[in-house]
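The following exercises concern side-chain packing in a predicted model. Please work through each task before reading its solution.

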Amino acid sequence: MKQPDDPNTQPTPEPGQPTATPGGRREIRDYEYRQRILSAARTLLTTQDVDSVTMHQIAKESGVGQGTLYRRYTHMGDICSDLIKSTTQQFVGTLEERYGSPAPDARGLAILENCIRDLIAFVDTHVSLLAWISSMHADKRQYNILQKPFFVRLHRILVPLLERAIAQDDIEPLDVTLTANIILITLMPESYLFHKNNLGYTKETFTDGICRLFVKGL
């Protein structure tokens, strides 16, 4: 368990962390509390189902008082949304660095397959949390996964890879926007969970099947 709130505790510097400027101490403290809360939630969710984790557990694990916790997050949904937002932003950033500027002679289809495998591995690791967050928004009329920043950024990674594969004559010309959308929709957590839990697919068989359909099949 982490140590209780200590106003003298100094946060470990990280990219994007507020600097210790006059008037910035509150921002530093808020940043530290947020990191401790999200770290505690992440730890608890590795061993427990998302529905069984409580605000009390997170407060205890993080060493943050419950009053402090509730001033920042109203309920578990707020914490999970912040946690998955932080996690997905880091992941997409990694994909953008890895696949956003491939070497001139790199094959588009090979890069596309690697990107799909990374996406499925990410979904497999975070599927319960991703599906839980998605279910929270399922009945909201204004919720459209295709317009979410996470989806849009992934789409911007896949489209150039498909265009590259066409330019390299590895695939016939096709609608790259529609194809990228269909690939990403197929990899949504609900689809993955259905194939895994209801149809008995493993991560490996699901991944191989998707690559055979969307890479070798193209």
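**Exercise 1.** Determine which residues Ile116 touches, leaving out residues up to four places away in sequence.

*Solution.* With those sequence neighbours set aside, the contacts of Ile116 are Ile183, Leu187, Ile210, Cys211, Phe214 and Val215. Next, place Ile116 in its wider setting: together with Ile58 and Ile79, Ile116 touches the most other members of the largest nonpolar core, a set of 59 residues. Elements giving two or more residues to this core are α1 (25-45), α2 (55-62), α4 (76-99), α5 (108-137), α6 (149-167), α7 (176-186) and α9 (203-216). Helix α5 supplies the largest share, 13 residues.

**Exercise 2.** Classify the ring pair formed by Phe91 and Phe122, and state what the pair ties together.

*Solution.* The whole structure contains 3 aromatic pairs. In the pair of Phe91 and Phe122, the centres are 4.0 Å apart and the planes differ by 10 degrees; planes under 30 degrees apart count as stacked, so this pair is stacked. Because Phe91 belongs to helix α4 and Phe122 to helix α5, the pair ties together parts 31 residues apart in sequence. Both residues are buried.

**Exercise 3.** Classify the pair of Phe122 and Phe150, and decide whether each residue is buried or partly exposed.

*Solution.* The ring centres of Phe122 and Phe150 lie 6.4 Å apart with planes at 40 degrees, so the pair is tilted. Since Phe122 lies in helix α5 and Phe150 in helix α6, this pair ties together parts 28 residues apart in sequence. The relative accessible area of Phe122 is 8%, so Phe122 is buried; Phe150, at 23% relative accessibility, is partly exposed. Finally, ring pairs link Phe91, Phe122 and Phe150 into a cluster.

Technical notes: Residues are numbered from 1 along each chain as its sequence is written. This is a predicted model: local features need pLDDT of at least 70, side-chain atom pairs count only at pLDDT 80 or more; totals for chains, interfaces and linings use all residues. Side-chain values use heavy atoms; hydrogens and water are left out. A nonpolar core is a set of buried Ala, Val, Leu, Ile, Met, Phe, Trp, Tyr and Cys residues joined through side-chain atoms within 4.5 Å. Buried means under 20% relative accessible area, exposed over 50%, partly exposed in between (1.4 Å probe, protein chains only). Helices (H or I, at least four residues) and strands (E, at least two) are DSSP runs, numbered from the N terminus. Contact means heavy atoms within 4.5 Å. Rings of Phe, Tyr and Trp (its six-membered ring) pair if their centres lie within 6.5 Å; planes under 30 degrees apart count as stacked, over 60 as edge-to-face and the rest as tilted.
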